[in-house]
Amino acid sequence: MTDDSDPSDRRTNDTAGSPQTLAAQALGRIDPETRAVVPPIHVATTYERDADNQYRAGYVYGRADNRTFRQAEDLLAALEAGADAMVFASGMAAATAVFQALSPGDHVVVPKVMYWSLRNWLGGMAAGWGLQVDFVDMSDMAALAAAVKPGRTKLVWVETPANPLWTITDIAAAADIAHDAGARLAVDSTVATPVLTRPLTLGADIVMHSATKYLNGHSDVVAGALISAADDDFWQRIEAVRTQIGGIPGPLEIAQLVRGMRTLFLRVERSCRSALMIAERLADHPSIAEVLYPGLPGHAGHAVAARQMQSGFGGMLSVRVRDTGGGGAAAAIAVAARVQVWIRATSLGSVESLVEHRASIEGPASPVPDDLLRLSVGIEDPDDLIADLEQALAGG
Ligand code: PLP
């Protein structure tokens with residue numbers, strides 16, 4: 001990354017303290033000229049050269065870099081304990097940049113259960129471009145160990161909790177397996193957020209977020225982020241992908257993202273508490289066949305989640321609606337049709353609670369059962385959320 005010329009904008013002068021404090025103050029950055037506590041948004045796409053043909057301020061062109069990105073990137077690096085961070089136009093732009101920094105012929109191991117659009121891209125375009133892609137059960141470390149090819153595998157990608165079954169991957173174990181094979185470990189930590197899990201401290205090399213979700217938290221910004229443990233050659237290649245392919249966000253969106261991140265801890269802690277209440281309440285409901293939530297002791301990944309997730313198990317859960325005779329999909333869609341407080345919409349991680357019949361969006365190739373409703377728990381009164389689900393499950 002280019003160097004900032006203004007010392008008052010450096011991370012070394014930023015607020016000290018816990019992650020909560022860093023997030024609340026967005027690193028405590030003050031505009032050096034006006035002393036504004038919210039720095040100005042830099043919208044320029046180009047920058048004047050010095051008379052001797054240099055670019056001493058460090059900025060050249062808007063597709064490569066932007067001062068407004070830095071506050072978000074430095075905050076993300078601090079929250080994830082990384083060496084550096086980069087923001088992208090979307091979570092998909094961030095995730096695909098990691099794979100595009102590899103070379104045709106490289107072998108990668110990815111999860112069977114993961115964000116569906118990335119799974120489709122990996123099985124389609126990435127494979128067509130020459131990546132050798134193997135899909136494995138990432139809750140099973142023996143399966144991962146069997147899938148890596150020492151010397152040939154360049155990247156292991158995991159997502160935990162994994163959308164939308166909320167399977168859990170043991171990040172430390174996956175990092176050991178990846179590193180023993182000479183590969184890097186990247187973690188889609190969108191659902192855990194840095195509030196609950198810091199994958200780089202568990203041995204991962206790269207963390208990815210759809211910042212569209214919890215980091216922004218208000219359903220009004222599409223953005224993505226990568227955070228790296230090291231500012232190494234691979235990171236430089238990812239930066240080149242962002243600059244050359246141009247998957248950058250707009251500065252206005254990133255200023256809004258920084259505002260969202262100031263309340264990240266409050267929102268995530270509230271969503272986690274409510275999600276656990278809802279999961280416990282629905283676990284014995286006669287109209288529910290199964291609740292998928294890592295916070296429930298019966299969940300297959302509960303013990304690992306309890307170890308690697310701090311202060312909560314996330315704000316996401318799924319329920320399988322009991323078939324009443326017309327098929328699992330019909331029963332689930334009928335429940336979603338009756339909600340009054342929850343909103344029927346895709347996406348997750350925002351202040352408002354969302355419900356979605358997931359198979360409708362993922363299509364027939366998906367491993368998601370037909371009867372599954374995905375619930376993204378927001379920050380409303382949990383009693384309202386539970387009462388609404390109970391009336392929707394009771395029938396029309
Ligand atoms: N990863 C996860 C876990 C997601 O849920 C999503 C989007 O739903 C993405 C990645 C992709 O993010 P975006 O929609 O910002 O491209």
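User: How many salt bridges does the structure hold?
Analyst: The model is predicted, and the count refers to pairs in which a side-chain nitrogen of Lys or Arg lies within 4 Å of a carboxyl oxygen of Asp or Glu. By that criterion, the number of salt bridges in the structure is 15.

User: Which residues are linked in a network of salt bridges?
Analyst: One pair consists of the side chains of Arg 119 and Glu 362, at 3.5 Å from N to O. Glu 362 also meets the side chain of Arg 358, at 2.8 Å from N to O. The network of salt bridges links Arg 119, Glu 356, Arg 358, Glu 362 and Arg 374.

User: How many residues apart are Arg 119 and Glu 362?
Analyst: The side chains of Arg 119 and Glu 362 form a salt bridge. This pair connects distant parts of the chain, with Arg 119 in helix H4 (residues 116–129) and Glu 362 in helix H13 (residues 358–362). Their separation along the chain is 243 residues.

User: Which helix holds both Arg 358 and Glu 362?
Analyst: The side chains of these two residues, Arg 358 and Glu 362, meet in a salt bridge. They are four residues apart, about one turn of the helix. The helix that holds both Arg 358 and Glu 362 is H13.

User: Are Arg 119 and Glu 362 buried or exposed?
Analyst: A residue counts as buried under 20% relative accessible area and as exposed over 50%. By this scale, Arg 119 and Glu 362 are both buried.
The description for Arg 358 and Glu 362 is likewise buried.

User: Why is Arg 56 classed as exposed?
Analyst: Arg 56 shares a salt bridge with Asp 50, at 2.8 Å from N to O. Asp 50 is partly exposed, with a relative accessible area of 26%. The class "exposed" requires over 50%, and Arg 56 is exposed because its relative accessible area is 53%.

User: Which residues make the nonpolar surface patch of about 280 Å²?
Analyst: One member, Ile 41, lies in the loop between helix H1 (19–24) and helix H2 (67–80). Ile 41 is partly exposed, with a relative accessible area of 39%. The patch is made by Ile 41, Val 43 and Leu 252.

User: What is the volume of the largest cavity?
Analyst: The count of cavities of 30 Å³ or more comes to one. The lining of the largest cavity includes Leu 282, Ile 288 and Val 319, and by class it has nine nonpolar, no polar and no charged residues. The volume of the largest cavity is about 50 Å³.

Technical notes. Residues numbered from 1 in each chain as written. Predicted model: local features only at pLDDT ≥ 70, side-chain atom pairs only at ≥ 80, totals over all residues. Heavy atoms only, no water. 1 Å grid on protein atoms, 1.4 Å probe; cavity = no way out; pocket = protein on both sides within 12 Å on 5 of 7 lines; lining within 4 Å. Points joined across faces, edges and corners; volume = space filled by probe spheres on them. Nonpolar A, V, L, I, M, F, W, Y, C, P; charged D, E, K, R; others polar. Patch = residues over 30% accessible without salt bridge, like charges linked within 9 Å, V, L, I, M, F, W, Y side chains within 5 Å. Areas by Shrake-Rupley, 256 points an atom, 1.4 Å probe, with all protein chains shown as cover. Helix = DSSP H or I, 4+ residues; strand = E, 2+ residues; numbered from the N terminus. Buried < 20%, exposed > 50% of the residue type's maximum accessible area, 1.4 Å probe, protein only.
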